[in-house]
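Trainee: I would like to learn how to read the fold, the core and the aromatic pairs of a protein model. Could you take me through one case, step by step?

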Amino acid sequence: MEILCSLPCNWDEWVGTDRLMKHTEDNVLKQQALDKKQGMEKNTKSGRSAQAKPKSSADVKLDKEDTKSNVPKGKKRKADSGTEKGNVSAEKLVKIQIPSTLKKQLVDDWEFITQQNKLVKLPRSPTVDDILTKYLEYRSKKDGMMTDSVGEILNGIRCYFDKALPVILLYKKERQQYHEAVSDNVSPSSVYGAEHLLRLFVKLPELLAYVKIEEETLIRLQQKLLDFLKFLQKNQGTFFLSAYDGPKASEGSGNDKES
């Protein structure tokens, strides 16, 4: 299966930045709310109750933050499915279910940077390249062989990460650090680690919505992405920082991510 074809590497060809939601705090919350909405719709269609599990602490946090969005009183909130210009409808989004503990990791990531004014110390260890290599070794050992499809999807993830990081995956407070840490001949995947890699999976559904993928290939792609997320979850204590001890972000530079 030509998985790499599902993850084209040319940024200008597979999506334009004008069609992406800026990776701001509100839009991250919208993505999380959309994920929960899609999960509820899936349960309803299959005859199961939408009230299946109690909300995790991360979900409660996100719900609480969502109510604080700056929406004028008396005006109807726009639907999360994308009434903003250039957004994609919920039906077209690839479904990538992020495990609850990794959702909590995203919340912690946001708090460290925007509330505590700290940055991830760079270069990270392990880097994104290291994590992808470890996953390839893990799959090869588990499967008893090194499959081309796994290597292709990992190359695709690396390519997406390198292209997307400076455009939609950084908070404004991180941009100066990026310019200092990444030169023209250095790829972000050799500098950044799991914290920023996880942010990519929040944006992947929106990015892949503009890629033509056959349904069968899409299903297998979703399964492989979920397996990779479970691998991150299994190694969460090793791959992710428990606290950001790096230099403090500059004051007054805003909470949003740039695009």
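Mentor: We will go from the overall fold to one helix, then to the core, the rings and a single loop residue. Please keep in mind throughout that this is a predicted model.

Trainee: Which helices and strands does the protein have, and what pattern does it follow along the sequence?

Mentor: A sensible start is to list the secondary structure before looking at any side chain. Here the protein has ten helices and zero strands, and read along the sequence it follows the pattern α-α-α-α-α-α-α-α-α-α. Of its 259 residues, 46% count as buried, while the accessible surface comes to about 13,900 Å², with 48% of that belonging to carbon and sulfur atoms. Among contacts with a separation of 6 or more, 85% are accounted for by residues 24 or more positions apart.

Trainee: How should I read a single helix, and where does helix 6 bend?

Mentor: One can set its span beside the expected value, and then look for a bend and for cover. Helix 6 (148–168) has 21 residues and reaches 29 Å from its first C-alpha to its last, which is close to the 30 Å expected at 1.5 Å a residue. Helix 6 nevertheless bends by about 25° at Asp162, with a proline, Pro166, following within four residues. Helix 6 is also mostly covered, as 15 of its 21 residues are buried.

Trainee: What does the largest nonpolar core consist of, and which helices supply it?

Mentor: The general idea is that nonpolar side chains in soluble globular proteins tend to be buried together. In this model the largest nonpolar core has 51 residues, and those with the most contacts inside it are Tyr192, Leu197, Leu200, Phe201, Leu204, Leu225 and Phe228. Helix 4, helix 5, helix 6, helix 8 (194–208) and helix 9 (215–234) each supply at least two residues of this core, and the largest share, ten residues, comes from helix 6. To follow one of these residues outward, take Phe228, which, leaving aside its neighbours within four places in sequence, is in contact with Ile131, Leu132, Tyr135, Leu154, Leu197 and Phe201.

Trainee: How many aromatic pairs does the structure hold, and how are the rings of Tyr135 and Tyr138 arranged?

Mentor: For each pair one reads the distance between centres and the angle between planes. The structure holds eight aromatic pairs; in one of them, Tyr135 and Tyr138 are 6.0 Å apart centre to centre with 40° between the planes, a tilted arrangement. Because they are three residues apart in helix 5, Tyr135 and Tyr138 are separated by about one helical turn. Tyr135 is buried, at a relative accessible area of 4%, whereas Tyr138 counts as partly exposed because its relative accessibility is 25%. The rings of Phe231 and Phe239, with centres 5.6 Å apart and planes at 55°, likewise form a tilted pair; Phe231 is buried at 7% relative accessibility, and Phe239 is buried at 2%. Ring pairs link Tyr135, Tyr138, Phe201, Phe228, Phe231 and Phe239 into a cluster.

Trainee: Finally, is the loop residue Leu122 buried or exposed, and which residues is Leu122 in contact with beyond its sequence neighbours?

Mentor: A loop residue has to be judged by its own accessibility and contacts. Leu122 lies in the loop between helix 4 (100–115) and helix 5 (128–143), and Leu122 counts as buried because its relative accessible area, 18%, falls under 20%. Leaving aside neighbours within four places in sequence, Leu122 is in contact with Gln177, Ala181, Val191 and Tyr192. The C-alpha atoms of Leu122 and Ala181 are separated by 7.1 Å, although these residues are 59 residues apart along the chain.

How values were computed. Residues are numbered from 1 along each chain as its sequence is written. This is a predicted model: local features need pLDDT of at least 70, side-chain atom pairs count only at pLDDT 80 or more; totals for chains, interfaces and linings use all residues. Side-chain values use heavy atoms; hydrogens and water are left out. Buried means under 20% relative accessible area, exposed over 50%, partly exposed in between (1.4 Å probe, protein chains only). Contact means heavy atoms within 4.5 Å. Rings of Phe, Tyr and Trp (its six-membered ring) pair if their centres lie within 6.5 Å; planes under 30 degrees apart count as stacked, over 60 as edge-to-face and the rest as tilted. A nonpolar core is a set of buried Ala, Val, Leu, Ile, Met, Phe, Trp, Tyr and Cys residues joined through side-chain atoms within 4.5 Å. Accessible areas come from the Shrake-Rupley method with a 1.4 Å probe; for residues, only the protein chains shown count as cover. The expected span of a helix is 1.5 Å times one less than its number of residues. The bend at a residue is the angle between axes fitted to the seven residues ending there and the seven starting there.
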